[in-house]
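Visitor: I would like to take a close look at a single part of this model, and I would be glad if you could walk me through it slowly. Please start wherever you think best.

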Amino acid sequence: MVFEGQVPIEEYKTGNTKHSWDVAKLKSAHKILAEYSYKKGSVERGFANRTLYVNLSTNTIKEKPVTDDMKKRFTGGRGFGLKLLWDSIKPTTRWNSEENELLITTGPLCGTTQYPGSGKSLCLSISPSTDIICDCNVGGFFGPYLKFAGFDAVEIQGKAKKDVIIVIDGEQGKIIIETAPNEEINTHLLSEQLTEMYASEKTDKARQKVSVVSAGKGAENSFWGCLNFSFYDIRRKVPRIKQAGRGGLGTVFRDKKMNALVVKVEKFDGVSNHPADPVALAEVGTTLHKEIRDLDRYQCNMRAVGTGHLVEIMDAYDLLPTENYRFGSFPKASKIYSPKFYELFTKIIPDGCWHGCTLACAKTVDGYTVMTGPYKGEKVTVDGPEYETIGACSNMSFWDPLWIVEFNFYCDTYGVDTISTGTSMAYYMEMYEYGILNKERCDGLELCFGNADAVLEFLHRIAKGDKGEFISVASKGVRRMKDWIHKNGWGDQKIVEDAGIESKGLEFSEYVTKESLAMQGGYGLTLKGPQHDSLQRFLSMSIIM
Amino acid sequence: MDHPTTVKILTFHSEKCKGCLECEKACSKVHFKSSDGKEKSAIRITKNKIVYHMHVCNQRGLCLDMCPVGALTRRKNGVVLLDKNICIGCQACVGFCPIGAMRKSDVQIEPFKCISCGACVRACPEHALELTERPIQMIKEVVYHNYKQGV
């Protein structure tokens, strides 16, 4: 048995395949397109009081002030994002228009280390799936570091001609746009390269002060692109990732020819965002830490298995989506209950995606041997799977935890959203089962329920940029697939329409809604499309009413 | 790397204690250059009806795994030490210490803890405190949640 505190930090081993990059050579190929120096400021009561604007078409970089009125009206986070987006786009702007922006914003509490869950940032853009504004919140170090580097938000407009990296260097007070011709695109390698490249020293402590936002090859070729926010783990010695998944923000990112967005901070401490009352904040935070310590193991068990604990609950309440939402529970579901993942997760290492988040729902499978595709045989650290990913897999009828981890790994590194991919694939599988799609119509893929091989093959083909008709339609999600099936006149129109679980063009997240009218209404009415974080507002409303 | 096998921890002879709190004052001098004691001291003496109790770190090192930035390390002499320059003040170690021995004072965001320096031992006029060498392996075999909260 391993006791806590027995292994010193330097001696943790993941067993991953080691990569060595010639970082200097990679960097020497970079060409600086624009450089901007700014005066480093301090954060006052949670606000850095300015935002950063970057235009990739014209290579302009400028600062915008955050006014008191703006703080009062919009608070931060999504509010700031919507305001900045509103000011920049026109009614005719579409996801791939020049003036569409990608925003990453933070709120006044962002970067608090004492209170669990304070590392979140918000990402906004016009979504390719829905053509309306979509927002996602995400963990990782980027949001807090952006604030400590001196900005409450970053907005990126325009499109670059070649792959570029934007570097926000909080150490020297510089913003740099540079080309990145030789870097990897897929996240698990790219974030490793860039963390190494931009860390000021070759130490783990220095690497921990860098965060990289990236998307992969899959984001480029589908509408499911997600943004991967890195955070360097000093014990595992790898940059790990959290995803802003929904709505295809990664697709917008790659459409702008962004390879990565890097932020680096000089130093920070527990009061870097200068709260008005740090003593009270520390007290409240400590109380919550204590409650988590005493109660989490009896309640959600987040510290041990993360959101995966929901699988058994959903299965028991008939809400676990199975075979494209046809069932809410399944006899085989016990194979993917959280204890099965607990066996795979690496233990006794703090897993929080921002310093001090003791709820620590981000789990990893270390030294996982990849089973398919271009990285077959490599040993990697896989972040997750979380509930939504497991739900997406049960929706496709995968009942083997290892295939779920494999699906999770490739979705992450290719930069595609596990929820949209899972829900869409489940729909294609149902259509396949009815004979509306078949092997010939699916470009040779045998999409029966549970065929994990075919799903992974599908992902690899997307990443390779396969131009087959099925692949190019299918990678744009359920809505486009319905239209394509209608156009070809296959099957019964009503079945085709009803079986595809989407609203506004965005696929449902992984909850069966039949048990709750409020949930159904919520999914249909949420502004950005059916997503559980917007849904909660409707659920709480239904309780009040 | 050689791992320490023993560590010096404080042992308390409650029958000798008179409750003068000289140990607390000495401790706060080490940590904060003030002789306030109380919340600025890593060692705390409380009186439960007639018996005095000591609350102090037992160098078990559960907090080592809580620290997200690696500010807590076990030194060569076995003592668990917090590096204030690395600490980012998240209070995870404070909240998760099973015996409440990781302490936080209002004057700084970084917590502090007993470093087995022996200042309290030297300050005690009754010789109620003693530093004793213990195998680390034995300290670690403590059941996590049977502990009572400290002060």
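Guide: Let us begin with chain B, which, read along the sequence of this predicted model, follows the pattern β-α-β-β-β-β-α-α-β-α. Counted up, the secondary structure of chain B comes to four helices and six strands. The radius of gyration of chain B is 15 Å, close to the 15 Å that the globule rule gives for 151 residues, and chain B is therefore as compact as a globular protein of that length. Its extent can also be given along the principal axes, where the C-alpha trace of chain B spans about 40 × 35 × 30 Å. Of the 151 residues in chain B, 43% count as buried. If we take the contacts in chain B with a separation of 6 or more, 61% of them are accounted for by residues that stand 24 or more positions apart.

Chain B also touches chain A, and to this contact chain A gives 29 residues while chain B gives 25 residues. Sorted by class, the side of chain A that touches chain B has 12 nonpolar, 12 polar and five charged residues.

From here we can turn to chain A, where seven strands form an open sheet with mixed pairing, in the order β1-β9-β8-β13-β10-β11-β12. The edge strands of this sheet in chain A are β1, residues 32-37, and β12, residues 238-244, each of which pairs on one side only. On average, and with direction ignored, neighbouring strands of the sheet are turned by 15 degrees against each other. Within chain A, strand β8 (residues 164-169) and strand β13 (residues 258-264) pair in the parallel sense over six bridges, and Val167(A) has Val262(A) in β13(A) as its bridge partner. Helix α4 of chain A, residues 142-149, lies across β8, β10, β11 and β13 of chain A, and it runs at about 60 degrees to β13(A).

A single residue makes a good last stop, and for this we can take Lys64(A), whose place is in strand β3 (residues 60-65) of chain A. Lys64(A) has 16 other C-beta atoms within 10 Å and is therefore partly exposed, since a residue would need 20 or more to be buried, and 12 or fewer to be exposed. Leaving aside the neighbours within four places in sequence, Lys64(A) is in contact with Arg50(A), Thr51(A) and Tyr53(A). Glu378(A), by contrast, is 314 residues from Lys64(A) in sequence and 45 Å from it in space, C-alpha to C-alpha.

Conventions:
Residues numbered from 1 in each chain as written. Chains lettered and ligands numbered in written order. Predicted model: local features only at pLDDT ≥ 70, side-chain atom pairs only at ≥ 80, totals over all residues. Contact = placed C-beta atoms within 7 Å. Nonpolar A, V, L, I, M, F, W, Y, C, P; charged D, E, K, R; others polar. Pairing = 2+ DSSP bridges. Helix = DSSP H or I, 4+ residues; strand = E, 2+ residues; numbered from the N terminus. Axes fitted to C-alpha atoms, helices over the stretch in contact; angles between N-to-C directions. Rg over C-alpha atoms; globule rule 2.2 N^0.38 Å.
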